[in-house]
Structure formats: structure tokens, C-alpha cells
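This briefing is intended for a reader who wishes to relate the sequence to the fold. Please keep the structure in view while reading.

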Amino acid sequence: MDSRMSWYQAVAHCEQSGEPYVLVTVLGVTGSVPREPASKMVVTGEHSYDTIGGGHLEYRICQQARERLAARAYTSEMAHFPLGASLGQCCGGSVSVLLEGHPGCEQQLVIFGAGHVAKALVTVMAQLPWRVTWVDSRADQFPAELPANVRQHLTDDPVGDAPALCAGAQVLILTHNHQLDFDLCQALLKSADCDGIGLIGSNTKAGRFRQRLAHRGFSDEAIAGIRCPVGRQDIPGKRPMEVAVSITAELLSLTASQSPAESRRGLDWKELRGLIRQSPEGEKTE
């Protein structure tokens, strides 16, 4: 994502990629200020786009926006900032801003392997509100262009990277190498941080993996958390797209209760008036 994007380009990208963000709008100003009313910027967990004036004012607003993102507080809040000594800005005016949180995609998926099934699966997931991390060691296996909600992770150590990548995410192990599949299963069972593990393979492979994992000291309960063969068993077919549809259906059924309610965009006048009344001149100063 290009840091030189305008705020509206950043909004479009965040909406397409499913990244949570805060839209900051200057509602009103008094005295000498760096930007005029209606100036906007976008703040994500790691970056900011466009500007409402720079300096310590913008730093504090970005900090406040990221605190809201970290707390998953996807609501609207108005804040007032006098541009005095406390902000290190000598403009002498004051700025009131509206911070609007947008949740993006809450569901996360990590796919190990970039073979035929994974490619078909990414085609399907591109149409769904999920953030996908696609992992492989072979750069030439990834398509030239990826969907907006898919991030490529090229690594020569997928097993070492797995715990950090998969924390809080659903995981699919679809690699071309059985030993790599097994090592990934071990690493993820040890970390115990992911939301679920799906492993491609036959019933025979599943039985062998369960036996090997048991010999390495993993409990029956932990081993049972690996879904193998992965996918809905009532959806037949072995073509890559048929398998991808089966896996997607299983993922959707597993996460249906976790899907956040659709948030309403913007504020009506009554809500905005209430925010203004709650934030009189001088309140929430920094």
C-alpha cells in the first residue's frame, strides 16, 4: 500500500483488502490552524495516509486512532485539540476532529502451499470478507497479481514463521510435501494460538499423522483439532475448484458465529449533535 495515497484512495484500498482503519475528519476550527475544515486522513494499524496538518497534533490523533483499532472500538468519537504548548504547535487555534472506526475483515486465513487447490481457493476467498496470508517458499508459484485481500508471504522457513503468522487465524495446510505438512502441524499444535487447522489429504494420511503426532506426545484432544481430510465431506469432487469450494463451505460453517454484525456507515444528525454536546470546547485536550 503506497503511503503517498490520498485519503480516499486509502479508504478504497482498505475496503478492498479488508484492513481495519479510522477515518479522521476535521469538523471545525478556530483561530490559526494548519488545515481547513473537511480535511481528512486515514489511519491503519501501521500507516497513515494524507494529512490534517502534521506535527504533534497529527501524531496524537494517529495514536488515539490506533488505540481504538487495537481495542476494536469501531465507533465514532469526537475530540478537541487546542494547538498550544502541550502539542508543541504555536498556531494558537484549536481543532475538533471526528474519528470513525471501520472494522474491515475480522476473519483471517493463512494458507500454506501455492499448488492447484490453493490457487483455486484464493480465487474463491477473493470474493469473501476475509484477510488471507498465502505462504510458500517458491516465488514462481504465486500469480503475478493477487486479490486485494490476499497478502503473499514468501519464506524459506514456513515452519519457523508459522506460529506468528497463524495466531488468531484459521489455517489450511495444502503444501506439496508431506514432511512439511507434518512439521507445520507440530509447530501449530505446540503454539496452540490458531483458531483451527485444516490439512489436505486422504484418510490414510490422516491416520498416519495422528499416529506420528501421538508418538511425539501430543494429546488425543490436540490431535483431534486437525481437520483431515479437510473440507465438507458431503461435497463431492476431486477437481481443484471442487475441493476449494468444499474447504470454503467448511470454513464458513466453522466461523459463522464469529462473523461481526454489519456496521452502519456514517452518522445521522442526532448522533453527531450528541457527540458535539459530549465534547464541549476544552474537553479531551492533549
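The points below cover the sheets, the nonpolar cores and the internal cavity of this predicted model. One open sheet has five strands with antiparallel pairing, and another open sheet has six strands with parallel pairing. The largest nonpolar core holds 24 residues.

**Antiparallel sheet**

- The five strands follow the order S3-S2-S1-S5-S4.
- Strand S3 (48-50) and strand S4 (76-82) form the edges, and each of them pairs on one side only.
- From one strand to the next, the twist averages 25°.
- S4 and strand S5 (residues 94-102) run antiparallel and are joined by seven bridges; proline 82 stands opposite serine 94 in S5.
- Helix H2 (residues 55-70) packs on this sheet, where it touches strand S1 (21-30), strand S2 (40-43), S3, S4 and S5. The direction of H2 makes about 155° with that of S4.

**Parallel sheet**

- The six strands are arranged in the order S8-S7-S6-S9-S10-S11.
- Strand S8 (150-154) and strand S11 (226-227) each have a single partner strand, so one side of each is left without a neighbour in the sheet.
- Four bridges pair S6 with S9 in the parallel sense, and leucine 109 stands opposite glutamine 170 in S9.
- Helix H4 packs on the sheet through S6, strand S7 (130-136), S8 and S9, with its direction at about 175° to that of S6.
- Helix H5 also packs on the sheet, touching S6, S9, S10 and S11; its direction makes about 160° with that of S9.

**Nonpolar cores**

- Within the largest core, Phe112, Cys166, Ile173 and Leu188 touch the most other members.
- At least two residues of this core come from each of strand S6 (107-112), helix H4 (158-166), strand S9 (170-173), helix H5 (178-191), strand S10 (196-199) and helix H6 (203-215).
- H5 provides the largest share of this core, namely five residues.
- A separate core of 21 residues lies apart from it and includes Ile111, Ala114, Trp130 and Leu251.
- Beyond its neighbours within four places in sequence, leucine 188 contacts Ala162, Cys166, Val171, Ile173, Asp193, Cys194 and Ile197.

**Internal cavity**

- The whole structure contains one cavity of 30 Å³ or more, and the space in the largest cavity is about 60 Å³.
- Its lining consists of Leu199, Ala206, Phe209, Arg210, Leu213, Ile223, Ile226 and Cys228.
- H6 contributes four residues, the largest share of the lining of the largest cavity.

Methods
Residues are numbered from 1 along each chain as its sequence is written. This is a predicted model: local features need pLDDT of at least 70, side-chain atom pairs count only at pLDDT 80 or more; totals for chains, interfaces and linings use all residues. Side-chain values use heavy atoms; hydrogens and water are left out. A nonpolar core is a set of buried Ala, Val, Leu, Ile, Met, Phe, Trp, Tyr and Cys residues joined through side-chain atoms within 4.5 Å. Buried means under 20% relative accessible area, exposed over 50%, partly exposed in between (1.4 Å probe, protein chains only). Contact means heavy atoms within 4.5 Å. Two strands pair if DSSP finds at least two bridges between them. Axes are lines fitted to C-alpha atoms, for helices over the stretch in contact, and angles run from 0 to 180 degrees between N-to-C directions. On a 1 Å grid over the protein atoms alone, a cavity is a set of points where a 1.4 Å probe fits but cannot get out, and a pocket is an open set with protein on both sides within 12 Å along at least five of seven lines; lining residues have an atom within 4 Å of a point. Grid points are joined across faces, edges and corners, and a volume is the space filled by probe spheres set on the points.
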